[in-house]
Amino acid sequence: METSADFDTDVLIIGSGPTGGTAALALATQGVRVHLVSRTHWLADTPRAHITNQRTMEVLRDLGIEDEAIKYATPWEQMGDTLFTTSLAGEELVRLRTWGTGDERKGDYLQGSPCGLQDIPQPLIEPVIFKNAVERGAHFSFNTEYLSHQQDGEGVTATLRDRLTGREYTLRARYLVGADGAKSKVVDELGLNIEGHLARAGTVYVIFKADLSRYVAHRPSILHWIVTPSASFGEIGMGLLRAVRPWDRWIAGWGFDISRGEPDLDPALLLDRIRTLVGDPALEVEIERTSVWYVNQAYATEYSRGRVFCGGDAVHRHPPSSGLGLNTCVQDAFNLAWKLAYVIKGYAGPGLLDSYSAERAPVGRQIVTRANQSRLDYAPLKAAFRVEGADNPVAAGIARFKDPGPEGVAARQAVEAALDLKNTEFNAQGVEMNQRYVSKAVVPDPAAGEEVWRRDAQLHLQPTTRPGAKIPHAWLVDRRGIRVSTLDVTGKGCFSLVTGLAGGAWSDAVHELNLPYLRAVVIGQPGVADPYCGWQRIRELPEAGALLVRPDGYVAWRHAESPAGVAEARELLATALGAVLDKPLND
């Protein structure tokens, strides 16, 4: 076997976006040598992604950067309702309580996680992730282009080019991570199967500066849909005003007909369109950048080949609807990083790495489907505000919506149903938090049977301790009397054996095994008290039972029965760990 000195790094990461940055941070945090390369001279320079959901905030919390990230965010409370108006300055038509801030849903979000949602533009969150990765030991090379790789039984040799000097050179690593975006060279070179199709619709985005606080500050909202004839094309059929920074930096967006080629981006036309969406013909606007992006609906059916692993936009390509992009990228990386670290450190066998694709590829397919369906789900709203065949379909639709007669009543009832449908985009805590992993890194509980969903699985989080689910959040109390989450006393790069005061045999077994990556968490002991009985209510197994929680917070195994003694507990735990890690503990 090659020694560490035979490799320039343990893990080479291609791409510095949310996937590559998070992978570098997580690996560096665990002491793994990691080198990140990017063909650009810096990080994201456009606000491509914003919504940072609860699960991603939990990942940032585990990695110790949650508080720093929040400094750059529009806080949950200011994310507000989503408004549908004739223009930002014009008449409001309807509002939707969104991002879990509404009276009916906020309790679900507070109960489901120690973290709230945040709105953090990608150019602000990427530097936080990158800075912390470098501070913890990650190496990096900007202005560096990935050209190709060759892998063998021991490692990967990548060919790179310095874009400043033109010099080509090779770098040797144990593993390579392709996090190089939607036009991934690494995916192409591996020949990963991509299902779906690309560029099925087109959108113009214009980033601009303008002080719009007089229209928004009294009714905070980061997202406004504008019902206007000038932006009525496409499956959404409305214009977009998206706050990048409250309330003076924005994105304006609208669809265009891709069958006619590229859209007209004449500056005068763009200015007129922005002023129309805002509803202020004299608005002072500074246009920063214009871009055209295409709606993709494609996902990879597998994420790895040999020693090369791909993640993020390289393997799931979709529109920003539902706000799942950056979140899924971060979570891909968090899933992969601990597995790479454990194999590199010798804690796990190479079979553990097969679980990455098995667990994350179904999630990628799910979010691509959901994001595209969220676009299609605007159709009822579009229909409610249009009268097809009229000289001005949108104006006629708005007039009908306000009409006191039977047609108006029907239109308003249709809008109510259409808004309810949009909850699967804007209040979809289940979509964001209900992932269930099925792989060899999860030992099924034969007594559990098939999971029964008590409520809509897209809308509502269903906390459970079933293997393959994330450990549920419950508030505990530490030695200082301060609340801490069950997520705070697990994770952090280690496996956790979670039991109660009646499960002393389990904690003794952990002590006897004396593994550097395994801790015992005995809920009820000082530091992890359960005075609210919150964990007791949600744990789904007797107090003397045990949960084995992975470093990424997912339950790997559970045992409901009290062991006969320490010897049995040790044997059961060792068998479970050996199966999950693809490495018998007597090796």
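Helices (H or I, at least four residues) and strands (E, at least two) are taken here as DSSP runs, numbered from the N terminus. On that basis, the secondary structure of the protein comes to 19 helices and 25 strands. The radius of gyration, taken over C-alpha atoms with a globule rule of 2.2 Å times the number of residues to the power 0.38, is 25 Å; this is close to the 25 Å that the rule gives for 587 residues, so the protein is as compact as a globular protein of that length. The structure is a predicted model, in which local features need pLDDT of at least 70 and side-chain atom pairs count only at pLDDT 80 or more, while totals for chains, interfaces and linings use all residues. Residues are numbered from 1 along each chain as its sequence is written, and side-chain values use heavy atoms, with hydrogens and water left out.

Turning to the whole chain, the C-alpha trace spans about 80 × 60 × 40 Å along its principal axes. Buried means under 20% relative accessible area, exposed over 50%, and partly exposed in between (1.4 Å probe, protein chains only); by this scale, 58% of the 587 residues count as buried. Contacts (heavy atoms within 4.5 Å) often link distant parts of the sequence: among those between residues at least 6 apart, 72% join residues at least 24 apart. The accessible surface, from the Shrake-Rupley method with a 1.4 Å probe, comes to about 23600 Å², and 51% of it belongs to carbon and sulfur atoms. As for charge, Lys and Arg count as positive and Asp and Glu as negative, with His and the chain ends not counted. There are 62 positive and 72 negative side chains, and the centres of the two sets lie 1 Å apart, with each charge placed at NZ of Lys, CZ of Arg, CG of Asp or CD of Glu.

Two helices deserve a visit. The expected span of a helix is 1.5 Å times one less than its number of residues. For the 12 residues of α1 (residues 18–29) this gives 16 Å, which agrees with the 16 Å between its end C-alpha atoms. Because 11 of these 12 residues are buried, α1 is largely enclosed by the rest of the structure. The buried residues include Pro18, Gly20, Leu25 and Leu27, and their cover includes β1 (9–14), β2 (34–37), α6 (122–135) and α10. Just after α1, Gly31 takes a positive phi of about 80°.

Helix α10 (residues 325–345) has 21 residues and reaches 31 Å from its first C-alpha to its last, close to the expected 30 Å. With 19 of its 21 residues buried, α10 is also largely enclosed by the rest of the structure. Gly346, just after α10, has a positive phi of about 85°.

Some loops hold backbone details to look for. Most residues other than glycine have a negative phi, and most peptide bonds are trans. Asn143, in the loop between β8 (139–141) and β9 (144–151), has a positive phi near 50°. Lys492 has a positive phi near 55°; this residue is found in the loop between β21 (483–485) and β22 (495–500) and is partly exposed at 38% relative accessibility. A cis peptide bond, with omega about -15°, joins Pro246 and Trp247, and Trp247 sits in the loop between β14 (239–245) and β15 (249–256).

Phe233 lies in the loop between β13 (223–226) and β14. At 42% relative accessibility, Phe233 counts as partly exposed. Leaving aside residues up to four places away in sequence, Phe233 touches Gly255, Phe256 and Asp257.
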